[in-house]
Each structure stands twice: as structure tokens, then as C-alpha cells.
Amino acid sequence: MSVLKYKNATSIDGNSFDFFVVDGKFSNEFEGQVNQQVDLSNKLVIPGLINSHTHAAMTLFKGFADDLTFKEGWEGKVWPAESKMSPEDVEAGMRFATQEILSTGTTTINDMYFHMERLAGVCKQSGLAAHLSLGPIIPKIFPGEYKTKIQNRINLLEQYSQDRIYGVLTPHAPYSLHRDDLEWVAEVSIKHDLLVHMHVAENMWEEDQCKADHDGLRPIELLDKTGVLDRPFIMAHCVWLSEADYEFLGDKPNVSIVHCPSSNMKLCSGGDQKQSFSYELAKKYGVNICLGTDGSVSNNSLDMFEEMKIAALLAKHQTGDPKCLPAQEAFDLATINGAKALRQQSSKFEDGYEADFMVIDLDHLLIQPKHLPLSHLVYGGSGHMVEATYVSGRKLFDRNIKNQEKYLSISKEFNQASRRLWDL
Ligand SMILES: [Zn+2]
């Protein structure tokens, strides 16, 4: 048994507290032999952040589509490069992304990309907790058999779970699937108790496309008819929902929405009308809301501190109400709400919860004055102030230890892959 005692930590409310980490889990009390004591005087200790929607390995394409229309950037540059990407490239992209993720205080990701085995290997090596796609389900765009591959991966999931790597069913979007594909997803989700993670209502045209393809059904109606909304279901973006949709989703206790404010704004997903995901309405009807960066093409950053600030500012701007999405709620989006969506016991310093946390020096420039840490974390914070990041009690990042050799080797491999894909 491994037991560590952490003393004199400062909580987000400014109180001093001690805690134990017993075999990777938090404990407030422990009687018996402690292996090591760590003094955290003058350190803020807060839960690790949860990035509930990303395509982390796409950091390979960061900058490829900046300041371009979707057609110019994605169709012209990103997708052709992506089609030439090798499994080794994906690995290099993920390896680099895990550095950015852990060094900015994120301890869990919900990821949607290709080559699960490769990504799982990288996540295991880094220690990051990860919910990974069991395989793309995009049959209208990439026709072909996908079920056997996914089924084979499901059969191997047990070997990953001790490293906190989980498989997730990822139908791409309502417009890129047939109705029977979605029904299959719902069935498999029930049979193997799997989460479902999907892009929903990201762009305006999706609704017309969905109606034309599915006998007049709108995206939420289609999803409901296929049964996926009764599964643990994580919907990313949701820019184009009506008030009736939010109300309907409020009665679906397993549904969570991932707000991706930076991506939605950068890609102009709200179109001419400047439509946005409505935090106000989702909250009004009791939908669980979490937060995601999306991939690095549409965000250029995997730093969840930025995302908390942008989400809070966008909600205030949109409603004209400075009280909308206060700092505590922004922090909840990136912690406890993400944990709820992903069905993991984390983000609280409670007995038996995963010991996923970060340490920030209370003398850091960005955290002054010291007596209002929550405000600084959300409105003035940055992942660069994180001193150390722990997942399941293991310290996976320490800013004070300069492992330059390891970083340079990861960065070199990553830059070579990204440069080759850019030059294609
Ligand atoms: Zn996405």
C-alpha cells in the first residue's frame, strides 16, 4: 500500500487543509504507516481540469487553418494532410499534446480521434486519464465496415482500465450517419455500458441536412428516436439548439453538453446570426454542462484555463448580464461537471475519489492578491502558472524539474511530423 500525506495545502476557498493519497485515491483520514510526507505550505491545491471534448493529436495541424474559411482551411489544407497521416504521426501528435495538457493542469481528456491503440499507448506512458474513441463512425463520408473493428477494441478494453484509459463510442455527427448506425451505437452502448460522444448542432446547415435525410426529423428528434439520448451521452458544441431542445434535454438525465467557446468563435459556427450555445438556457433546464477545447486547429490551445475565462466572458456578453456564468460555475464546468459526464469519481477532495490535482505557488504573479484565488484562476489564470500536476496521486508534471532532453526529443519528432504534413 502506498500512503502519502500532504500537509498545509491551501484550498480554493483559502482554507488550510491536509489530505492523504492512498493507492492513488484521496483520503481525509488515515491511521497507519505513512510512506512520505509532503509540505505544501504557500501552495494552492485544486482539482485537475477535465477537457470534455478534444481531438488532442490534431495539435499536429495547429495553425494550418488560421484566418481561413472552412473550405480554404479544412477542405484545402487540414483534411488532405489528415488523409496522409500515418499512425506514427498520430502518436507523435498525441505525445506532444499530452505535454501541453498535463503542464496546464488538465488531468483527464475525452478525446475523439483515430488509432485508439496508438493513443492508448501514449496516454498510458504519460499517465494521463483518457476516454478515447473506439473508432470513427462516419459512414456517410467514409463508407465501409466499422463495426468489427470497434467490437474487437471493446474486447480489449479491460487491459486498459487499470491505467484509466476507457473506450467511448464516437458517432461523428447526426448528418454523417444513417439512422441504423445510430441505433447500433445505442445497442452497443447498452450491451457494454459505454459512453457515447458526438458532435451535435455545430453548424446551421446541419438541421436542414438532417431533416432532408431523416424524414423531416431535427437532430435532437433523430437522436431521441434512435435511443442514444437515453444512454450516457456527451454532445459537443450544441451551437444551434432551440429553447425547446434545451428543455427536452433537461429531462434526459444522462445527457451532457460540452461547450467549446473558443472553437465555436474561431470557426464562426454561429454564422451571420452570431448564434452561440446558450449557457443560460442549458442551466435553466438543468442540463449538465461541461467544457472542451476541441482540437488545436480550431482553438490553437489545449489550456483549459483559457477556456474557462472565454466561456464566462461569452455568456456575459451574450446575455448582457455580468452575473451570468460566475467564476465558481466556470470552474465547475471544467471539473465536477466533466467528471459527472465521464462517470468518474474525481474533482473533489473526498474519500475514495481519484487523486487528480494540481499545485500552484501562491506567490505566482498571476495569483495576486492571494486572498481571491478563484477569481484569478478563472479570469486571470493560465495553465503556465501550474507548478505540478498529479493523476491518481502520481506526479506527472513538475515545472521545477527541467527534463529538457525528453522534451526536445518529443518536440523534434512532433515538429518533423507536422512539417511533413504541412509540406504535402
Ligand atoms: Zn470536435
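**From the nonpolar core to the domain contact**

In this predicted model, the largest nonpolar core has 120 residues, and those with the most contacts inside it are A57, L119, V196, M235, M308 and A311. Helix α12, which covers residues 304-319, supplies the largest share of this core, namely 8 residues. The core is also shared between domains, since it draws at least three residues from each of domain 1 (3-48 + 349-398) and domain 2 (49-341).

Helix α12 therefore deserves a closer look, beginning with its length: for its 16 residues, a rise of 1.5 Å a residue leads one to expect a span of 22 Å, and because its end C-alpha atoms are 23 Å apart, the two values agree. The buried residues of α12 are M304, F305, E307, M308, K309, I310, A311, A312, L314 and A315, a list in which M308 and A311 appear after having been named among the residues with the most contacts inside the core. For A311, once its neighbours within four places in sequence are left aside, the contacts are with H259, P261, L291, L325, A330 and L333. Just after α12 comes G320, which takes a positive phi of about 70°.

The core leads on to the two domains themselves. The domain assignment gives domain 1 as two stretches, 3-48 and 349-398, and domain 2 as residues 49-341, and the C-alpha centres of these two domains lie 28 Å apart. Their contact takes 19 residues from domain 1 and 23 residues from domain 2. On the side of domain 1 that touches domain 2, the elements that give two or more residues are α15 (373-379), β15 (386-391) and β16 (394-398), and of these α15 gives the most, with 5 residues. By type, the residues on this side of domain 1 divide into 10 nonpolar, 7 polar and 2 charged.

A last stop is L424, which is placed in the segment after α16 (404-423). Is L424 buried or exposed? Because a residue with 12 or fewer C-beta neighbours within 10 Å is taken as exposed, and L424 has 10 such neighbours inside 10 Å, L424 counts as exposed. Even so, with its neighbours within four places in sequence left aside, L424 is in contact with P80, A81 and K84. The C-alpha atom of L424 is separated by 27 Å from that of G121, a residue 303 places away along the chain.

Notes: Residues are numbered from 1 along each chain as its sequence is written. This is a predicted model: local features need pLDDT of at least 70, side-chain atom pairs count only at pLDDT 80 or more; totals for chains, interfaces and linings use all residues. Domain bounds come from an automatic or database domain assignment. Two residues are in contact if their C-beta atoms, placed from the backbone, lie within 7 Å. Helices (H or I, at least four residues) and strands (E, at least two) are DSSP runs, numbered from the N terminus. Ala, Val, Leu, Ile, Met, Phe, Trp, Tyr, Cys and Pro count as nonpolar, Asp, Glu, Lys and Arg as charged, and the others, Gly among them, as polar. A residue is buried if 20 or more other C-beta atoms lie within 10 Å of its own, exposed if 12 or fewer, and partly exposed in between; C-beta atoms are placed from the backbone. A nonpolar core is a set of buried Ala, Val, Leu, Ile, Met, Phe, Trp, Tyr and Cys residues joined through C-beta atoms within 7 Å. The expected span of a helix is 1.5 Å times one less than its number of residues.
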